[in-house]
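Subject: Structure handover

Hello,

Here is the structure I promised to pass on. Please open it beside this email and follow along.

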Amino acid sequence: MGLLNLKKTLRREAVIKKLHPTNPITYLWFIGVHPNYQGRGLGTQLLTELIQDSLSINRPVYLETSTQENLPWYVKLGFKQYYALDLGYTLYFFKKDNY
């Protein structure tokens, strides 16, 4: 990130935080599978387990992504887009309620 981008990053994070609810949530900050192992269902398995854990404690799951290729994957797993933010790139906001 570097010191020069710190102010911009903190500002972005403050905007993101305002778009999250104040009640307890499960927040997926990052998920990834090494490129050599992609396409084998490992990411889906990881995310499904996170969703199930969140369901067991009655918390919705929130995440953001700027990777457009992943949008259909999140929708397929039951996430709904609730916001999009232009930061010079589009950051898509998703949530999955567990009820």
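Below is what was found in it, starting with the overall layout and then going through the pockets and a few residues.

**Overall layout**

Please keep in mind that this is a predicted model. The chain has 99 residues, and 28% of them count as buried. It holds 3 helices and 4 strands. Along the sequence, the order is α-β-α-β-α-β-β. Taken along the principal axes, the C-alpha atoms fill a box of roughly 40 × 35 × 20 Å.

**The largest pocket**

Start here. The largest pocket encloses about 410 Å³ of space. Its lining is made of 17 residues. Those nearest the centre are W29, F30, E64, T65 and L91. Three elements each supply at least two lining residues: α1 (6-18), β1 (26-28) and β2 (61-65). By type, the lining has 10 nonpolar, 4 polar and 3 charged residues.

**E64, in that lining**

E64 deserves a look of its own. It sits in strand β2 and is among the residues nearest the centre of the largest pocket. E64 is buried, yet it has no salt bridge.

Why does E64 have no salt bridge? A salt bridge needs a side-chain nitrogen of Lys or Arg within 4 Å of a carboxyl oxygen of Asp or Glu. The nearest side chain of opposite charge to E64 is R12, and R12 is 7.8 Å away. That distance is beyond the cut-off, so the pair does not count.

What does the side chain of E64 contact instead? Two polar contacts turn up. One goes to the side chain of H20, at 2.7 Å. Another goes to the side chain of Y27, at 2.4 Å.

**H20, the partner of E64**

H20 is placed in the loop between α1 and β1. Is H20 buried or exposed? H20 is buried, because its relative accessible area is 15% and the cut-off for buried is under 20%. H20 also lies 7.8 Å from Y62, C-alpha to C-alpha. In sequence, H20 and Y62 are 42 residues apart.

**The salt bridge**

How many salt bridges does the count give? The count comes to 1. Side chains of opposite charge can pair when their charged atoms come close. Here the partners are E13 and R12, with their closest N and O atoms 3.0 Å apart. E13 is partly exposed, at 34% relative accessible area. R12 is partly exposed too, at 27%. Both values fall between the 20% and 50% cut-offs, so neither residue counts as buried or as exposed.

**The second largest pocket**

The second largest pocket encloses about 270 Å³. It is lined by 14 residues. V33, Q38, G43, N70 and W73 lie nearest its centre. Helices α2 (42-56) and α3 (71-76) each supply at least two residues of the lining. Which of the elements gives the most? That is α2, with 3 residues. By type, the lining splits into 6 nonpolar, 7 polar and 1 charged.

**From α2 into the loop that follows**

S54 lies in helix α2. At 1% relative accessibility, S54 counts as buried. Its side chain reaches the backbone oxygen of R59 at 2.2 Å.

N58 is placed in the loop between α2 and β2. Its phi is near 60°, a positive value in a residue other than glycine. N58 is exposed, because its relative accessible area is 56% and the cut-off for exposed is over 50%.

**F93, in the last strand listed here**

F93 belongs to strand β4 (residues 90-96). It is buried, with a relative accessible area of 0%. F93 and L50 are 43 residues apart in sequence. Their C-alpha atoms are 17 Å apart in space.

**Where to look**

If time is short, go to E64 with its contacts to H20 and Y27. Then turn to the pair of E13 and R12.

Best wishes

Terms used
Residues numbered from 1 in each chain as written. Predicted model: local features only at pLDDT ≥ 70, side-chain atom pairs only at ≥ 80, totals over all residues. Heavy atoms only, no water. 1 Å grid on protein atoms, 1.4 Å probe; cavity = no way out; pocket = protein on both sides within 12 Å on 5 of 7 lines; lining within 4 Å. Points joined across faces, edges and corners; volume = space filled by probe spheres on them. Nonpolar A, V, L, I, M, F, W, Y, C, P; charged D, E, K, R; others polar. Buried < 20%, exposed > 50% of the residue type's maximum accessible area, 1.4 Å probe, protein only. Lys, Arg positive; Asp, Glu negative; His and termini not counted. Polar contact = N/O pair within 3.5 Å; in protein donor to acceptor, adjacent residues only side chain to side chain.
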